[in-house]
Amino acid sequence: SVSECSCLPNSYLPELNPYVIRSNNSNSSNSTLTYTNRTLALAWEPVCKRCPGGASCDGGTSAPWPRAGYWGDTSCVRHGGARECPDWDVFVQCSPEEACKGGMGFECGDGRTGRLCSAVKSGWFNIGSVFFFECNGASGVAGTTFAILATMMVWLSMNTFSPSNYDA
C-alpha cells in the first residue's frame with residue numbers, strides 16, 4: 001500500500017505529489033488514490049526516483065525540496081474541478097544564487113519573493129536587481145544616500161585623475 005512505501009535518502013516517490021494527493025486507502029496490492037474529487041484505482045508498483053538536480057530528498061515519503069540557490073514551484077493550476085501541479089519536482093537554479101535560500105519552506109532571500117525569487121518583497125527596495133535593502137525610514141534613506149554619494153565620488157575621482165596619467 002502507499003502507506004508502506006518508503007524511499008532511501010536522496011530519493012523520492014514521484015507518485016506522492018504532496019500538492020495533489022489528498023488521501024490514500026489500501027487493503028490490497030491495488031492502491032486507491034484520491035486526486036481532488038476523483039478516485040482512481042490503480043495496479044501500482046511504487047518506484048523511487050533519484051532526487052532531482054538542485055533538490056534535497058530526505059527519503060521516506062517526503063517530497064523533494066530546493067537546496068540553497070535553487071527554486072521550486074509549489075503552485076498548482078485548476079482545470080475545471082481538477083488540480084494539476086506539473087512542476088512540483090522540478091528545481092531551477094536562481095540567478096543570482098543568493099536570491100533563493102531554498103529549504104523545506106521554499107524560501108527566498110532577504111527582500112525577495114515570487115517566481116524564481118525575482119520580485120521585490122513589500123517594504124523592501126533594490127538597486128540593480130542585486131542589492132536588496134529593507135525600508136527602515138530615515139536610517140535606511142540616509143544609508144542609501146551615503147552609498148550612492150560614495151559611489152559617485154569614486155567614479156568622479158577615477159574619471160578625473162586616471163585620464164591625466166595617460167598620453168592621448
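The paragraphs below lead through a predicted model of a protein chain, from its overall make-up to its disulfides, its salt bridges and a nonpolar patch on its surface.

It helps to begin with the chain as a whole, whose secondary structure comes to 1 helix and 17 strands. The chain has 168 residues, of which 30% count as buried. To see how the chain folds back on itself, one can look at the contacts in which the two residues have a separation of 6 or more, and of these contacts 47% are accounted for by residues 24 or more positions apart. The chain exposes about 10,900 Å², and carbon and sulfur atoms supply 55% of that area.

Turning to the cross-links, the structure holds 4 disulfides, and three pairs can be followed here in the order of the sequence. Cys 51 and Cys 57 form a disulfide in which the sulfur atoms lie 2.1 Å apart, and with 85° about the S-S bond this link is right-handed. Cys 51 counts as buried because its relative accessibility is 14%, which falls under the 20% limit, and Cys 57 is buried as well, with a relative accessible area of 6%.

The next pair is Cys 94 and Cys 100, whose sulfur atoms are 1.7 Å apart in the model, and whose link, with -80° about the S-S bond, is left-handed. Cys 94 is buried at 4% relative accessibility, and Cys 100 is buried at 3%. Cys 108 and Cys 117 form another disulfide, with their sulfur atoms 2.1 Å apart, and this link is left-handed, with -80° about the S-S bond. Here Cys 108 is buried with a relative accessible area of 18%, while Cys 117 is buried at 1% relative accessibility.

A second kind of link involves charge, since side chains of opposite charge can pair when their charged atoms come close. How many salt bridges does a search of the whole structure find? The search finds 2, and one of them joins the side chains of Asp 73 and Arg 115, at 3.4 Å from N to O. Asp 73 lies in the loop between strand E8 (70-72) and strand E9 (77-79), and Arg 115 lies in the loop between strand E14 (112-113) and strand E15 (119-120), so this pair ties together parts that are 42 residues apart in sequence. The two partners can also be described by their exposure, for Asp 73 counts as buried at 11% relative accessibility, whereas Arg 115 counts as exposed at 53%.

In the other salt bridge, the side chains of Asp 110 and Lys 101 meet, with 3.4 Å from N to O. Asp 110 counts as exposed at 51% relative accessibility, and Lys 101, at 42%, counts as partly exposed.

The last feature is a nonpolar surface patch of about 650 Å², made by Ile 127, Val 130, Phe 131, Phe 133, Ile 148, Leu 149 and Met 152. Where in the secondary structure do the patch residues come from? Strand E17 (131-134) and helix H1 (138-161) each supply at least two of them, and the largest share, 3 residues, comes from H1. Ile 127, which also belongs to the patch, is found in strand E16 (residues 124-127) and is partly exposed, with a relative accessible area of 36%.

Technical notes
Residues numbered from 1 in each chain as written. Predicted model: local features only at pLDDT ≥ 70, side-chain atom pairs only at ≥ 80, totals over all residues. Heavy atoms only, no water. Salt bridge = Lys/Arg side-chain N within 4 Å of Asp/Glu carboxyl O. Helix = DSSP H or I, 4+ residues; strand = E, 2+ residues; numbered from the N terminus. Buried < 20%, exposed > 50% of the residue type's maximum accessible area, 1.4 Å probe, protein only. Patch = residues over 30% accessible without salt bridge, like charges linked within 9 Å, V, L, I, M, F, W, Y side chains within 5 Å. Areas by Shrake-Rupley, 256 points an atom, 1.4 Å probe, with all protein chains shown as cover. Contact = heavy atoms within 4.5 Å. Disulfide = S-S within 2.5 Å.
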